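I opened this entry to look up a few helices and loops. My notes follow the model.

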Amino acid sequence: MLHDRKVYTQNWNQTHKEWRRNYNKKYSPEWKKNNREYIKNWRKHWMKKNRERYNQSQREYRLKNKEKYEKYSRERSRKLKLEVLTHYGGNPPKCTCCGETEIIFLTIDHIDGGGREHRKKVGDGSTFYRWLIKNNYPVGYQILCYNCNCGKAKNGGICPHQINK
Ligand SMILES: [Zn+2]
Ligand SMILES: [Zn+2]
């Protein structure tokens, strides 16, 4: 790559000999000395133009990589969740009540209740999973799917699945 660029520059100088000579003649140190103001203005203009271009490309970069970044953080939190779920619910983890195995449907359930208050205290989602890891996977938790979790909460602590059994 570096070598290519060197060759490229050499070739460019070869094919632009005339242009180069004129350029050097026109923009001699003498000329520069006499046109300080002009150079200053030109540079200012160039900076402004390029700053706009720079900002624009920064904006475009962020926009273009938004999806990539979101996908990356989604994958990272999925891995974290899987790690915690595997600890509490075996491999592959599944809902203790109905056997659901889709990771997205699964959540950590506080067996004795009080999950909502606790999550409010330590945080939700990835923060909660990190809290569990940091505390060496405390006992009193199990895996439930959102349906069973919600069913349990709305049914006085027992998922309707368990009553109809
Ligand atoms: Zn379930
Ligand atoms: Zn259930």
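Helices here are DSSP runs of H or I, at least four residues, numbered from the N terminus. The model is predicted, and I read it with that in mind.

**Entry 1: Leu80.** I looked up Leu80 and found it in helix α4. I then asked whether Leu80 is buried or exposed. A residue needs 20 or more other C-beta atoms within 10 Å to be buried, and 12 or fewer make it exposed. Leu80 has 16 C-beta neighbours inside 10 Å, so I put it down as partly exposed. Leaving out residues up to four places away in sequence, I noted that Leu80 touches Ser126, Tyr129 and Arg130. Arg130 is 50 residues from Leu80 in sequence, but their C-alpha atoms are 7.8 Å apart.

**Entry 2: α4 against α6.** I next looked at the two helices as a pair. The axes of α4 (residues 36-89) and α6 come within 10 Å and cross at roughly 40°. That angle makes α4 oblique to α6. I recorded the crossing as left-handed. Which residues meet in this contact? From α4 I listed Ser77, Leu80, Lys81 and Val84; from α6, Gly125, Ser126, Tyr129, Arg130, Leu132 and Ile133. By type, I have 5 nonpolar, 3 polar and 2 charged residues in the contact.

**Entry 3: the loop after α6.** I checked the loop between α6 (125-134) and β2 (141-145), where Asn136 is placed. Tyr137 is found in this loop too. Most residues other than glycine have a negative phi. I read a positive phi for Asn136, near 55°, and another for Tyr137, near 50°. Asn136 has 6 other C-beta atoms within 10 Å and is therefore exposed. Tyr137 has 11 within 10 Å, so I entered Tyr137 as exposed. I also took the C-alpha separation of Asn136 and Lys81, which is 15 Å, with their positions 55 residues apart along the chain.

**Entry 4: the loop after α4.** Most peptide bonds are trans. I noted a cis peptide bond joining Asn91 and Pro92, with omega about -5°. Pro92 lies in the loop between α4 and β1 (106-110).

**Entry 5: α7.** Which residues of α7 are buried? In this helix (residues 146-154) I found Cys148, Asn149 and Lys152. They cover an arc of only 105° around the axis, so they sit on the same side of α7. An α-helix has 3.6 residues a turn, so residues three or four places apart point the same way. I closed with Gly156, which follows α7 and has a positive phi, near 70°.

Key: Residues are numbered from 1 along each chain as its sequence is written. Chains are lettered from A and ligands numbered from 1 in the order in which they are written. This is a predicted model: local features need pLDDT of at least 70, side-chain atom pairs count only at pLDDT 80 or more; totals for chains, interfaces and linings use all residues. The arc is that of the directions from the helix axis to the C-beta atoms. Axes are lines fitted to C-alpha atoms, for helices over the stretch in contact, and angles run from 0 to 180 degrees between N-to-C directions. Angles under 35 degrees count as roughly parallel, over 145 as roughly antiparallel, 65 to 115 as roughly perpendicular and the rest as oblique. A crossing is left-handed if the near helix is turned anticlockwise from the far one by less than a right angle, and right-handed if clockwise. Two residues are in contact if their C-beta atoms, placed from the backbone, lie within 7 Å. Ala, Val, Leu, Ile, Met, Phe, Trp, Tyr, Cys and Pro count as nonpolar, Asp, Glu, Lys and Arg as charged, and the others, Gly among them, as polar.
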